[in-house]
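Colleague: I would like to go through the labels used for this model. Please give the reasoning behind each one.

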Amino acid sequence: MIEYITGKISELTPTYVIIDNHGIGYEMNISLTSFTELEKSTDVKLLVHEVIREDTHLLFGFTTRNERDLFRHLIGVSGVGANTARMILSSITPPELEQVIASGD
């Protein structure tokens, strides 16, 4: 399993980033929260969650361990897939999500 990827940002959009790591470009799906953090950087280290399916391999990148942990908790909920979890993390910040969960909303 991949823990993190470091490198230079080759391309950055609100939904994905391409990290150039020694000539290999890794496309990683990101939340808007991570996008906002990455806009300030050129050299980055992103924590990774890897999804391997029969027909695809996907990488999800996170600027903080907390965001990745919340993502992993969300995909553990029945009916919440990786893209839905990414959208939730794009809608509210990790601290806000923790508050929502703690209050039972």
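Modeller: Let me begin with a residue pair: Val-17 stands opposite Met-28 in β3. Please keep in mind that the model is predicted.

Colleague: What makes β2 and β3 a pair of strands?

Modeller: Pairing needs at least two bridges found by DSSP. Strand β2 (residues 16-21) and strand β3 (residues 24-29) are joined by six bridges, so they count as paired, and they run antiparallel. Two residues lie between the strands of this hairpin, where His-22 takes a positive phi near 55°.

Colleague: Why is α2 called oblique to α4?

Modeller: The axes of helix α2 (residues 65-75) and helix α4 (residues 94-102) come within 10 Å and cross at roughly 40°. Angles under 35 degrees would count as roughly parallel, and 65 to 115 as roughly perpendicular. The crossing angle falls in neither range, nor is it over 145, so α2 is oblique to α4. The crossing is left-handed.

Colleague: Which residues of the two helices meet?

Modeller: From α2 there are Asn-66, Glu-67, Leu-70 and Leu-74, and from α4 Pro-94, Leu-97 and Glu-98. By class, this contact has four nonpolar, one polar and two charged residues.

Colleague: How do you know that Arg-65 and Glu-3 form a salt bridge?

Modeller: Their side chains meet at 3.5 Å, N to O. The cut-off is 4 Å, so the pair qualifies. By this rule the count comes to four salt bridges.

Colleague: What does the Arg-65 and Glu-3 pair tie together?

Modeller: Arg-65 lies in helix α2 and Glu-3 in the segment before β1 (4-12), so the pair links parts that are 62 residues apart in sequence.

Methods:
Residues numbered from 1 in each chain as written. Predicted model: local features only at pLDDT ≥ 70, side-chain atom pairs only at ≥ 80, totals over all residues. Heavy atoms only, no water. Axes fitted to C-alpha atoms, helices over the stretch in contact; angles between N-to-C directions. Helix = DSSP H or I, 4+ residues; strand = E, 2+ residues; numbered from the N terminus. Left-handed = near helix turned anticlockwise from the far one by under 90°. Contact = heavy atoms within 4.5 Å. Nonpolar A, V, L, I, M, F, W, Y, C, P; charged D, E, K, R; others polar.
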